[in-house]
Amino acid sequence: HHANFTVWLLARLPKVGLRRLQGRRLTEVRKAWKHLSKTFASIRVVHVSDSLILDYVNRRLKAEAARSTVKNEIAILRRMFRVGFHAKPQLVATLPTFPSLNVDNARKLFFSAEELEALLVELPDYLQPLVTVAYWTGWRRSELLDLEWRRVDLGTGEIRLEQGTTKNKEARTAYLPPLVRESIREWHRKTKHVEKEQERIIPYVFHHNGRKIRSFYGAWRSACERAGIPGRRFHDFRR
């Protein structure tokens with residue numbers, strides 16, 4: 001009853017298992033905890049009241065945090081308590097009430113051709129092919145980052161996602177327009193040059209000096225700001 005339950009759980013997240021956090025990624029939990037910890041890290045679990053949680057929500061909203069972000073943070077906190085309630089009932093005897101936030105997730109933003117052009121000018125060279133193909137296909141970020149050259153026909157401009165590699169597990173094919181096709185051919189020539197320098201095969205279409213791209217949030221955010229379209233998400237290409 002005098003234990004700091006939240007710190008206890010965060011230190012043991014790998015042992016608790018991500019499945020028990022409802023499939024949330026560890027990075028997502030840690031990002032939410034940067035905000036949650038300011039209120040809950042030093043508080044004993046018996047002192048985490050309904051009013052304290054509601055006060056946290058109100059303060060985050062007043063700080064102009066997105067409602068979807070705050071909702072996710074409260075969901076993670078609630079899940080942490082439930083895990084503790086079942087795993088350590090001697091520390092978590094009761095569960096507080098967690099407020100429900102209604103969120104309208106229907107973003108209306110999409111990229112116009114002019115905005116795409118402005119963004120490409122500001123992006124690093126290695127991200128320009130990725131963003132161009134995303135604009136024309138609307139495919140998910142993970143699907144494009146996993147795309148391999150063997151799934152690309154440079155002659156016809158056909159690119160394929162095999163069955164089981166997409167979110168709905170269905171195969172998918174797209175045909176790039178001539179200008180995009182030529183830009184991918186040019187990128188392929190640059191890739192071959194890197195392969196020759198490094199004396200190895202680069203299987204992935206989108207890479208940074210031969211290394212598979214995994215994260216580009218900083219470069220993306222900075223480019224969007226310089227292009228005059230701050231706050232845009234890569235996911236907006238799907239609209």
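The paragraphs below lead through a predicted model, beginning with its sheet and moving on to a buried helix and the nonpolar cores.

The sheet is open and has three strands in the order E1-E2-E3, with antiparallel pairing. Strand E1 (152-153) and strand E3 (172-175) stand at the edges, and because each has a single partner strand, one side of each is left without a neighbour in the sheet. Strand E2, residues 158-161, is joined to E3 by four bridges, the two running antiparallel, and one position at which this pairing can be followed is Glu158, whose bridge partner in E3 is Tyr175. Between E1 and E2, which also run antiparallel, there are two bridges, and here Val152 stands opposite Ile159 in E2. The hairpin formed by E1 and E2 has four residues between the strands, and in this hairpin Gly157 takes a positive phi near 80°.

From the sheet one can turn to helix H7, which covers residues 128-137 and is largely enclosed by the rest of the structure, because seven of its ten residues are buried. These buried residues are Pro129, Leu130, Val131, Thr132, Val133, Ala134 and Thr137. What do the buried residues of H7 pack against? Their surroundings include two strands of the sheet, E2 and E3, together with helix H6 (113-122), helix H8 (141-145), helix H9 (178-198) and helix H10 (217-226). Just after H7, Gly138 takes a positive phi of about 75°.

The nonpolar cores come next. In soluble globular proteins, nonpolar side chains tend to be buried together. In this model the largest nonpolar core has 33 residues, and those that touch the most other members are Leu119, Phe206, Trp220, Phe234 and Phe237. Two or more residues are given to this core by each of H6, H7, H8, E2, H9 and H10, and the largest share, four residues, comes from H7. The surroundings of one core member, Trp220, can be traced individually: leaving aside residues up to four places away in sequence, Trp220 touches Phe111, Leu119, Leu123, Val131, Arg232, Arg233, Phe234 and Phe237. Val131 in this list is one of the buried residues of H7, while Leu119, Phe234 and Phe237 are themselves among the residues that touch the most other members of the core. A second core, separate from this one, has 21 residues, among them Leu36, Val45, Ile76 and Phe98.

Methods. Residues numbered from 1 in each chain as written. Predicted model: local features only at pLDDT ≥ 70, side-chain atom pairs only at ≥ 80, totals over all residues. Heavy atoms only, no water. Pairing = 2+ DSSP bridges. Buried < 20%, exposed > 50% of the residue type's maximum accessible area, 1.4 Å probe, protein only. Contact = heavy atoms within 4.5 Å. Core = buried A, V, L, I, M, F, W, Y, C linked by side-chain atoms within 4.5 Å.
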